[in-house]
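What follows is a short report for someone meeting this structure for the first time. It begins with a single residue and then widens to its surroundings.

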Amino acid sequence: MQYNNTPTEDIEQTQLFAWAHFARGKYPELALMYHIPNGGKRSKAEAVRFKAQGVKAGVPDICLPVPRGKYHGLYIELKRVKGGRVSTAQEEYISALRKQGYRVEVCFGMEHARDVIVEYMEGKKND
């Protein structure tokens, strides 16, 4: 189903990183947050090359490599507000990261992701 009025995942992520840029005044560690470019449409040859270079299915979109409480860092799998779904490969990777001591959240939209990041940075729900 197409959700014409719902921002795409790309737009949501761009907005999140714009917010993070300005929020570095309060949370300087946000300068370390980065996108993991694992998704997207690729040709078969490009997919083979990327796989050989270490691209793995299911890796979350965003990493904040900053420890808080019992967690080594935060990963976010960002989905659009309406229509986003988590794949089996993503569920498996999320589970594996959690077993390694990372906090991993699936966030539906920029606002949800922003709230999770603020909560994480302030140490809420991290113990």
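In this predicted model, Leu64 touches Glu29, Leu30, Met33, Gly73, Leu74, Ile117, Tyr120 and Met121, leaving aside residues up to four places away in sequence. Leu64 is also a member of the largest nonpolar core, which holds 21 residues, and together with Leu16, Trp19, Leu30, Ile76 and Ile117 it is among those that touch the most other members. At least two residues of this core come from each of H1, E2, E3 and H4, and H4 gives the most, with 6 residues. Separate from this set there is a second core of 7 residues, among them Ile36, Val59, Leu97 and Val104.

The sheet gives these residues their setting. Four strands, in the order E1-E2-E3-E4, form an open sheet whose pairing is mixed. Strands E1 and E4 are the edge strands, each of them pairing on one side only. Strands of a sheet are held to one another by backbone hydrogen bonds, in either a parallel or an antiparallel arrangement. For E3 and E4 the sense is parallel, and their pairing extends over 6 bridges; within it, Leu74 stands opposite Arg103 in E4.

Two helices lie against this sheet. Helix H1 packs on it, touching E1, E2 and E3, and the direction of this helix makes about 140° with that of E3. Helix H4 lies across E2, E3 and E4, and runs at about 150° to E4. The table sets the two helices side by side.

| Helix | Residues | Strands touched or crossed | Angle and strand |
|---|---|---|---|
| H1 | 9-23 | E1, E2, E3 | about 140° with E3 |
| H4 | 110-121 | E2, E3, E4 | about 150° to E4 |

The cysteines remain to be described. How many disulfides does the model contain? With the limit for a pair of sulfur atoms set at 2.5 Å, the count comes to 0 disulfides. Cys63 is in no disulfide, and the nearest cysteine sulfur, that of Cys107, is 14 Å away. Seen from the other side, the sulfur of Cys107 has its closest cysteine sulfur in Cys63, and because these lie 14 Å apart, the distance is too far for a bond.

Are these two cysteines buried or exposed? Cys63 has a relative accessibility of 3% and therefore counts as buried, while Cys107, with a relative accessible area of 0%, is buried as well.

Technical notes:
Residues are numbered from 1 along each chain as its sequence is written. This is a predicted model: local features need pLDDT of at least 70, side-chain atom pairs count only at pLDDT 80 or more; totals for chains, interfaces and linings use all residues. Side-chain values use heavy atoms; hydrogens and water are left out. Two strands pair if DSSP finds at least two bridges between them. Contact means heavy atoms within 4.5 Å. Axes are lines fitted to C-alpha atoms, for helices over the stretch in contact, and angles run from 0 to 180 degrees between N-to-C directions. Buried means under 20% relative accessible area, exposed over 50%, partly exposed in between (1.4 Å probe, protein chains only). A nonpolar core is a set of buried Ala, Val, Leu, Ile, Met, Phe, Trp, Tyr and Cys residues joined through side-chain atoms within 4.5 Å.
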